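Let us walk through a protein together, one part at a time. Keep the structure in view and find each residue as it comes up.

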Amino acid sequence: MDAATLTYDTLGFGEFEDFPETSEPVWILGKEFNALTEKDDILSDVTSRLWFTYRKNFPPIGGTGPTSDTGWGCMLRCGQMILGEALVCRHLGRDWRWVRGQPQRGQYISILNAFLDKKDSYYSLHQIAQMGVGEGKSIGQWYGPNTVAQVLKKLTVFDSWSRLAVHVAMDNTVVMEEIKRLCMPWRDYGGAACAEPPGWMPKHNGCLEGACALAEEETALWKPLVLLIPLRLGLSDINKAYIETLKQCFQLPQSLGVIGGKPNSAHYFIGYVGEELIYLDPHTTQPAVEPCEDSQVPDDTYHCQHPPCRMHICEIDPSVAVGFFCRTEDDFDDWCMRIRKVRCFPYEVIKGKILPKTTHSFNMSELESIGR
């Protein structure tokens, strides 16, 4: 780590701009709100999203590595947030709300346990940082949206409780047949149907306690899909032709939001109002959390309890990764139908594929400009 690395603490400023009084609709991850009459609902929805920030004093990564990710882990934390939203949708539902001080549901505890900063949590900073070595990123090095998407894809393979199918669409291309083969591997595509090994039971971090029973009919038909699409919406700045369509992505009911930010500063974008994007900012350093003796997790610091941050959409870096969650095959078919109606975006559905509208090509190394 470079000792001269600069960072900042969003909680250190002490004051946050209140949500604007505006008649324009507010969109948060597929939900529409009225800022004049539903401000409390907006804040409740934002607060209920999992907020992962820099942490300090956690066990050394790899046994001898960093004990804090301040200054380098913000894109890793954004990756945790977009995946955390998928797990909330998967196990609790999009309409679930967190209320401070209320008893915690078992599924919620299991989700939080998956992100605790220790080596044996499925999606911990430790796991993401070490898995990133295989993507050419040394521990402590900044990530871009594409790298974190690839790492999350690898890590979800080990999560037999959630049983997510994660697809990272490269080259702006989503092939519908590939998605259905990924989410329904037991369907006959010219080969033998797959079956679970004898005696298989879904586990979460090696423990069944607190894990909800998966409905047999749900998992027999479709593995819930997390679709991540790395995009470059311009060269040095976002192309204004894509602005309205990027905003439309937050209106889709399958939306998981967008990971991106400014150069060297990553954010998790969850919606917009007018020309401003609404986002959760990981640039706050908090102490690492340990579960209590009763297995409950002190969770106040995992929820942003101040008005959400906002930035003008023209300020974002053009390198982003857009996320969507499709619980069922019908959800995915609905997403394909809706995405056909989205204009001026760098992909479109043609003959079962979502293909690039432009022949412009970008070296994937250009997607790594965000990450501090």
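Is Glu-135 buried, exposed or partly exposed? Glu-135 has a relative accessible area of 29%. Buried would need a value under 20%, and exposed a value over 50%. Glu-135 is therefore partly exposed. Bear in mind that this is a predicted model.

Now look at the partner of Glu-135. Its side chain meets that of Lys-154 in a salt bridge, at 2.6 Å from N to O. The two residues are 19 positions apart and link distant parts of the chain. Glu-135 is in the loop between α4 and α5, while Lys-154 is in helix α5. Lys-154 has a relative accessibility of 32%, so it too counts as partly exposed.

Step back for the overall picture. The protein has nine helices and 14 strands. It contains 372 residues, and 53% of them are buried. Its accessible surface comes to about 16100 Å². Carbon and sulfur atoms account for 51% of that surface. Next, consider contacts between residues with a separation of 6 or more. Of these contacts, 74% join residues 24 or more positions apart.

Return to helix α5, which runs over residues 145-156. It has 12 residues. From first C-alpha to last it reaches 17 Å, close to the 16 Å expected at 1.5 Å a residue. How many residues of α5 are buried? The count is 10 of the 12, so the helix is largely enclosed by the rest of the structure. Among the buried ones are Val-148, Ala-149, Val-151, Leu-152 and Leu-155. Polar names appear in the list as well, including Asn-146 and Gln-150. What do the buried residues of α5 pack against? The helices are α2 and α4. The strands are β4 (165-168), β6 (225-232), β7 (255-262) and β12 (319-326).

Helix α4 deserves its own stop. It spans residues 125-131, and His-126 is found there. The relative accessible area of His-126 is 2%, so this residue is buried. Which residues surround it? Leave aside neighbours within four places in sequence. His-126 is then in contact with Phe-58, Pro-59, Pro-60 and Ile-61, and also with Asp-117, Lys-118 and Lys-119.

Salt bridges come next. The whole structure holds 17 of them. One joins Lys-39 and Glu-21, with the closest N and O atoms 2.7 Å apart. Lys-39 lies in helix α1 (residues 39-48), and Glu-21 in the segment before β1 (25-28). The pair therefore ties together parts that are 18 residues apart in sequence. Its two members sit in unlike surroundings: Lys-39 counts as buried at 17% relative accessibility, whereas Glu-21 is exposed at 59%.

Another salt bridge joins Arg-97 and Asp-45, and here the closest N and O atoms are 3.3 Å apart. Arg-97 lies in the loop between α2 and α3, and Asp-45 in helix α1, so this pair ties together parts that are 52 residues apart in sequence. Arg-97 is partly exposed, at 27% relative accessibility. Asp-45 is buried, with a relative accessible area of 0%. Both residues belong to a network. Salt bridges that share partners join them with Arg-49, Glu-85 and Arg-94.

Now turn to the aromatic rings. The count comes to 10 aromatic pairs. Take Trp-96 and Tyr-108, whose ring centres lie 5.2 Å apart. How do their planes meet? The angle is 35°, so the pair is tilted. Trp-96 is in the loop between α2 (74-91) and α3 (106-113), and Tyr-108 is in helix α3. They are 12 residues apart, and the pair links distant parts of the chain. Both Trp-96 and Tyr-108 are buried.

Other rings gather in a group. Phe-52, Phe-115, Tyr-122, Tyr-123 and Tyr-302 form one aromatic cluster. Tyr-302 also has a charged partner. The charged end of Arg-55 sits over the ring of Tyr-302, 4.5 Å from its centre. A further case involves Arg-310, which lies over the face of Phe-19, at 5.8 Å from the ring centre.

Conventions. Residues numbered from 1 in each chain as written. Predicted model: local features only at pLDDT ≥ 70, side-chain atom pairs only at ≥ 80, totals over all residues. Heavy atoms only, no water. Helix = DSSP H or I, 4+ residues; strand = E, 2+ residues; numbered from the N terminus. Buried < 20%, exposed > 50% of the residue type's maximum accessible area, 1.4 Å probe, protein only. Contact = heavy atoms within 4.5 Å. Areas by Shrake-Rupley, 256 points an atom, 1.4 Å probe, with all protein chains shown as cover. Phe/Tyr/Trp six-rings, centres within 6.5 Å; stacked < 30°, edge-to-face > 60°. Lys NZ or Arg CZ within 6 Å of the ring centre and 35° of its normal. Expected span 1.5 Å × (residues − 1). Salt bridge = Lys/Arg side-chain N within 4 Å of Asp/Glu carboxyl O.
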